[in-house]
Amino acid sequence: MTHATCSCGQLRYAISAAPTFHAICHCSDCRAASGRPYVSTAFFASAIVQRTGDVSTSMFESAQGNRTYRDACATCGDMLADRSDGFPDLIGIVATFLDSESASLPQFHMWVGSAVVPIDPEDTLPRFDTAPAPRRKPS
């Protein structure tokens, strides 16, 4: 069992299986939400993730045209989770909040075409200018 917990401990996710994929995202939406030049996010099947605690959810339309929901702790404001119509059956958990760095390691970079800082030349992970999986808008 892997857990993700906010800084104050009030919002917690329990995750019962390995991620579907883990990406380092360089898109403008992730940069704006995190205040960082990129975000490392592990994506899990929604069915295996259980949330406890009070959450503040914001919704916006991403630059890719998908409705995106960001879940933050209602107490400390840490943004832990992301859900998108582009990945309808997945929930993304920001990797810095996972209880073990070895719980999941990044598999690739996505939205590299939007990157604002260079990627270390020693980093051999695959790089995608956009997202590697098709992104769908809801019908």
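User: Which pattern of helices and strands does the protein chain follow when read along the sequence?
Analyst: This is a predicted model, in which local features need pLDDT of at least 70, side-chain atom pairs count only at pLDDT 80 or more, and totals for chains, interfaces and linings use all residues. Residues are numbered from 1 along each chain as its sequence is written, and side-chain values use heavy atoms, with hydrogens and water left out. Helices (H or I, at least four residues) and strands (E, at least two) are DSSP runs numbered from the N terminus, and the protein chain has one helix and 10 strands. Read along the sequence, they give the pattern β-β-β-α-β-β-β-β-β-β-β.

User: How compact is the protein chain for 139 residues, and what is its radius of gyration?
Analyst: The radius of gyration is taken over C-alpha atoms, and the globule rule is 2.2 Å times the number of residues to the power 0.38. For 139 residues this rule gives 14 Å, and the value for the protein chain is close to it, so the chain is as compact as a globular protein of that length. The radius of gyration of the protein chain is 14 Å.

User: What is the strand order in the open sheet of three strands?
Analyst: Two strands count as paired if DSSP finds at least two bridges between them, and in this open sheet the pairing is antiparallel. The edge strands, which each pair on one side only, are β1 (2-5) and β5 (49-52). Strand β2 (residues 12-15) is joined to β5 by four bridges, and Arg12 has Thr52 as its bridge partner in β5. The order is β1-β2-β5.

User: What is the strand order in the open sheet of seven strands?
Analyst: The pairing in this sheet is mixed, and its edge strands are β6 (55-61) and β10 (108-110), each of which pairs on one side only. Inside the sheet, strand β4 (residues 39-45) and strand β9 (residues 87-94) pair in the antiparallel sense over five bridges, with Leu90 in β9 as the bridge partner of Ala45. The order is β6-β7-β8-β9-β4-β3-β10.

User: Which strand supplies the largest share of the largest nonpolar core?
Analyst: A nonpolar core is a set of buried Ala, Val, Leu, Ile, Met, Phe, Trp, Tyr and Cys residues joined through side-chain atoms within 4.5 Å, where buried means under 20% relative accessible area, exposed over 50%, and partly exposed in between (1.4 Å probe, protein chains only). The largest such core has 33 residues, and those with the most contacts inside it are Tyr13, Phe44, Ile93 and Met110. The largest share, five residues, comes from β9.

User: How many disulfides are there?
Analyst: A disulfide is a pair of cysteine sulfur atoms within 2.5 Å. For Cys8, the nearest cysteine sulfur is that of Cys6, 3.7 Å away, and for Cys73 the nearest cysteine sulfur is also that of Cys6, 3.7 Å away. Cys8 is partly exposed, with a relative accessible area of 35%, whereas Cys73 is buried, with a relative accessible area of 3%. By this rule the count of disulfides is zero.

User: Is His26 buried or exposed?
Analyst: His26 is found in the loop between β3 and α1 (28-34). Leaving aside neighbours within four places in sequence, His26 is in contact (heavy atoms within 4.5 Å) with residues including Tyr38, His109, Met110 and Trp111. With a relative accessible area of 1%, His26 is buried.
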